[in-house]
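Work through the exercises below with the model open. Try each task before reading its solution.

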Amino acid sequence: MNDLRLKRKGQLQTMEDNRRKCATEAANALYILQGKVDPYSEIANLDTASIKSAAEDLHVAVVEIRKLDEQITAIRNELYG
């Protein structure tokens with residue numbers, strides 16, 4: 001039983017580390033979006049390729065964070081009730 005608990009704690013730590021990594025990636029994508037989307041610039045001059053790429057990166061990171069949050073919650077409930 002203790003071996004399983006230790007294994008689950010290790011999985012929890014890995015998931016929490018992955019969540020932090022995804023949160024950093026999401027923050028970087030937001031930073032890029034904020035820098036590229038200037039409401040006062042000429043619309044035709046916007047760097048839409050960078051905006052699209054950053055938006056896609058943000059989407060992927062947030063979806064992964066949501067998935068990890070569910071898994072982390074499940075493991076925490078299993079470990080700590």
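## Exercise 1: Place an acidic residue

Glu16 is found in helix 1. The model is predicted.

**Task.** Decide whether Glu16 is buried or exposed, and find which residues it is in contact with, leaving aside its neighbours within four places in sequence.

**Solution.**
- Step 1. Take the relative accessibility of Glu16, which is 17%.
- Step 2. Apply the cut-off: buried means under 20% relative accessible area. Glu16 therefore counts as buried.
- Step 3. Look for its partners. With neighbours within four places set aside, Glu16 is in contact with Ile72 and Arg76.
- Step 4. Locate one partner. Ile72 is among the buried residues of helix 2.

## Exercise 2: Compare helix spans with expectation

**Task.** State how many residues helix 1 and helix 2 have, and what span each reaches from first C-alpha to last.

**Solution.**
- Step 1. Helix 1 has 35 residues. The expected span at 1.5 Å a residue is 51 Å, and helix 1 reaches 51 Å.
- Step 2. Helix 2 covers residues 48-80, which is 33 residues. Helix 2 reaches 47 Å, close to the expected 48 Å.
- Step 3. Check what follows helix 2. Just after it, Gly81 takes a positive phi of about 80°.

## Exercise 3: Find the packing faces

**Task.** List the buried residues in each helix, and say what they pack against or what covers them.

**Solution.**
- Step 1. In helix 1, the buried residues are Arg8, Leu12, Met15, Glu16, Cys22, Ala26, Ala29 and Leu33.
- Step 2. In helix 2, they are Ile51, Ala54, Leu58, Ala61, Ile65, Leu68, Ile72, Ile75 and Leu79.
- Step 3. Recall the helical repeat. An α-helix has 3.6 residues a turn, so residues three or four places apart point the same way.
- Step 4. Match the helices. The buried residues of helix 1 pack against helix 2. In turn, the cover over the buried residues of helix 2 includes helix 1 (2-36).

## Exercise 4: Separation in sequence and in space

**Task.** For Asp57 and Asp69, give the exposure class of each. Then set sequence separation beside C-alpha distance for Asp57 with Ala26 and for Asp69 with Leu58.

**Solution.**
- Step 1. Asp57 sits in helix 2. Its relative accessible area is 45%, so Asp57 is partly exposed.
- Step 2. Asp69 also lies in helix 2. Its relative accessible area is 29%, so Asp69 is partly exposed.
- Step 3. Asp57 and Ala26 are 31 residues apart in sequence and 7.1 Å apart in space.
- Step 4. Asp69 and Leu58 are 11 residues apart in sequence, yet 16 Å apart in space.

## Exercise 5: Judge the overall form

**Task.** Why is the protein chain described as more spread out than a compact globule?

**Solution.**
- Step 1. Count the secondary structure: two helices and zero strands.
- Step 2. Compare radii. The radius of gyration is 18 Å, well over the 12 Å that the globule rule gives for 81 residues, so the chain is more spread out than a compact globule.
- Step 3. Add the dimensions. The C-alpha trace spans about 65 × 15 × 15 Å along its principal axes.
- Step 4. Turn to burial. Buried residues make up 21% of the 81 residues.
- Step 5. Finish with contacts. Of those with a separation of 6 or more, 76% come from residues 24 or more positions apart.

Note on methods
Residues numbered from 1 in each chain as written. Predicted model: local features only at pLDDT ≥ 70, side-chain atom pairs only at ≥ 80, totals over all residues. Heavy atoms only, no water. Helix = DSSP H or I, 4+ residues; strand = E, 2+ residues; numbered from the N terminus. Expected span 1.5 Å × (residues − 1). Buried < 20%, exposed > 50% of the residue type's maximum accessible area, 1.4 Å probe, protein only. Contact = heavy atoms within 4.5 Å. Rg over C-alpha atoms; globule rule 2.2 N^0.38 Å.
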